[in-house]
Amino acid sequence: MIWNENKECMSREDMRALQGKRLHKIVTYVYHNVPFYRKKLQERDIRPDDIQSIDDIVRLPFTTKQDLRDNYPFGLQAAPQSEIVRIHASSGTTGNPTIVGYTRKDIGVWSECMSRCLTAYGVSRNDTFSVAYGYGLFTGGLGAHYGVENIGAAVLPASIGNTEKHLHLIRDLGVSGIACTPSYALYLAETMKRMGITKEQIRLRVGAFGAEPWTEEMRREIEDKLGLKAYNLYGLSEIMGPCVSYECPRQQGSHINEDHFFPEIVDPETLEPVDAGTVGELVFTTLTKEGMPILRYRTRDLCSILPGTCSCGRTSLRMGHIMGRTDDMLIIRGINVFPSQVESVVLSMKEFAPRYLLVVDRIGNLDTLQVQVELRQEYFDENFDTIATFQELEKRLADRLKSVLSLTAKVNLKSPGTLARSLGKDSHVIDHRKQY
Ligand code: ADP
Ligand code: ZN
């Protein structure tokens, strides 16, 4: 099923024309309403009428997280305060929160885009859908909530925490869909097991997971434990919230709601566009937002735009998995390391639970990487008395990590259930070098 065939299946030509028209309008709007943008455009000698087609976007200035911080709290807001009906603050994974105001129309666009995502996952008005992203300042909870209501499904605003009660409701109400972080999905699975609820006793069919990077291995793990089909949901508060892109049943990349959020991939160093299919930094321009429109926002997320078209019938561009963020890429002894690489290796080995932590330090002048990883309960129970088996396993993991990362890591096996659980976003990294 497709929620808005008109937009999701538009011809490429019509889409480019629509984007061009909207870009012109948004540039005109920020020029007149946001001094920050007016100044930046004037410095480049650009007047709104110079921007007529979507190809002109490369002439526009980039916007960074730092710009948002420098203009805290309302400096980039374009609509008058009286038009703002909602304010969110980003979760501040990597610094102070940023404030985003939405007009009534923005909330409508958000619900529309979120409805497209849910429909692609196969959710309909016949479903009962639990939203287990945090409600509150974080955009995840309310963002998903409005989408569920908009398609007419029954929303269970579970939020995070209260996990046992939530699981009882999932079982007793026959909840068929859920949205949460992949980390929380695993936590739900663990709690379920502890409570003695089996996946046969619940009716979850669809999961919308996002807000943090996750791998194919993690997808399989979650699908297996919760007995559902797991879909990717991507978004960020600066652009809107969850709804920016979504997987269709083909699950070959995530379709971008391009009529509202125009994507570019640039080289994070030179800021030049990269070729289709090449990984670079994802940049978005909001084409219709009124509250806080944003031009060429550098997301710091690394991914590629997939070439070719999708067989699902949607014509919108698809982005690949987020490989990591430029700011969670670790540079260890000069080598670039993403936590997601470690996740793939760890989960490709059946002995390990999907729980791991990278601990980076500097001893003398040398960077060190320690990978802590939890053993699966069953494996741990079977091999409890044989230290030699654990030593062999440690070595096997270290060897695999070395071949993938080109870096020697010290492996530290942990007993089941001993690494900290995160209910929201999980960072998987402790970098002690930051103190120096
Ligand atoms: P913060 O920057 O404070 O974390 P947000 O709460 O808006 O702010 O989080 C948005 C970020 O979360 C994205 O830029 C991206 O790094 C990450 N993210 C969101 N959805 C996904 C997803 N499906 N896959 C990978 N990363 C995601
Ligand atoms: Zn598709």
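Q: Where in this predicted model is R116 found?
A: The model is predicted, and in it R116 is found in helix α5, which covers residues 104-120.

Q: Why is R116 called buried?
A: A residue counts as buried when its relative accessible area is under 20%. R116 has a relative accessible area of 2%, so it is buried.

Q: What makes the pairing of R116 with the side chain of E112 a polar contact?
A: A polar contact requires N or O atoms within 3.5 Å. The side chains of R116 and E112 meet this condition at 2.7 Å.

Q: Which residues is R116 in contact with, leaving aside its neighbours within four places in sequence?
A: R116 is in contact with W3, N4, K7, E8, Y246, N257, D259 and H260.

Q: How do you know that R318 has no salt bridge?
A: A salt bridge needs a side-chain nitrogen of Lys or Arg within 4 Å of a carboxyl oxygen of Asp or Glu. For R318, the nearest side chain of opposite charge is E258, and it is 9.2 Å away. R318 is therefore without a salt bridge, although it is buried.

Q: What lies 3.3 Å from a polar atom of the side chain of R318?
A: The backbone oxygen of G308 lies at that distance. R318 itself belongs to strand β13, residues 318-319. Beyond four places in sequence, R318 touches several residues, among them H255, P307 and G308.

Q: What makes D55 and R16 a salt bridge?
A: The cut-off between nitrogen and oxygen is 4 Å. The side chains of D55 and R16 meet at 2.7 Å, N to O. D55 lies in the loop between α3 and α4, and R16 in helix α2, so the pair ties together parts that are 39 residues apart in sequence.

Q: Why is D55 called exposed, and R16 partly exposed?
A: Exposed means over 50% relative accessible area, buried means under 20%, and partly exposed lies in between. D55 has 51% relative accessibility, so it counts as exposed. R16 has a relative accessible area of 34%, and is therefore partly exposed.

Q: What separates E43 and K39 along helix α3?
A: They are separated by about one helical turn, because they are four residues apart in that helix. Their side chains form a salt bridge at 3.4 Å, N to O. Both E43 and K39 are exposed.

Q: How do you know that E238 and K65 form a salt bridge?
A: Their closest N and O atoms are 2.7 Å apart, which is set against the limit of 4 Å. E238 lies in the loop between β7 and β8, whereas K65 lies in helix α4, so this pair ties together parts that are 173 residues apart in sequence. E238 and K65 are both buried.

Q: How many salt bridges does a search of the whole structure find?
A: The search finds 32 salt bridges. One network of salt bridges links E190, R355, E374 and R421.

Q: What makes the bond between Y72 and P73 notable?
A: Most peptide bonds are trans. The bond joining Y72 and P73 is cis, with omega at about -5 degrees. P73 is found in the loop between α4 and β1.

Q: What makes the phi values of L271 and R333 notable?
A: Most residues other than glycine have a negative phi. L271 is not a glycine, yet its phi is positive, at about 65 degrees. R333 is not a glycine either, and its phi is positive, at about 50 degrees. L271 lies in the loop between β10 and β11, and R333 in the loop between β15 and β16.

Q: Why do L271 and R333 count as partly exposed?
A: The partly exposed class lies between the 20% and 50% limits. L271 falls in this class because its relative accessibility is 25%, and R333 because its relative accessibility is 35%.

Q: How many helices and strands does the protein have, and how do you know that it is as compact as a globular protein of its length?
A: The protein has twelve helices and 20 strands. Its radius of gyration is 22 Å, close to the 22 Å that the globule rule gives for 436 residues, so it is as compact as a globular protein of that length. Of these 436 residues, 55% count as buried.

Technical notes
Residues are numbered from 1 along each chain as its sequence is written. Chains are lettered from A and ligands numbered from 1 in the order in which they are written. This is a predicted model: local features need pLDDT of at least 70, side-chain atom pairs count only at pLDDT 80 or more; totals for chains, interfaces and linings use all residues. Side-chain values use heavy atoms; hydrogens and water are left out. Helices (H or I, at least four residues) and strands (E, at least two) are DSSP runs, numbered from the N terminus. Buried means under 20% relative accessible area, exposed over 50%, partly exposed in between (1.4 Å probe, protein chains only). Lys and Arg count as positive and Asp and Glu as negative; His and the chain ends are not counted. A polar contact is a pair of N or O atoms within 3.5 Å; within protein, one must be able to donate a hydrogen and the other to accept it, and residues adjacent in sequence count only if both atoms are side-chain atoms. Contact means heavy atoms within 4.5 Å. The radius of gyration is taken over C-alpha atoms; the globule rule is 2.2 Å times the number of residues to the power 0.38.
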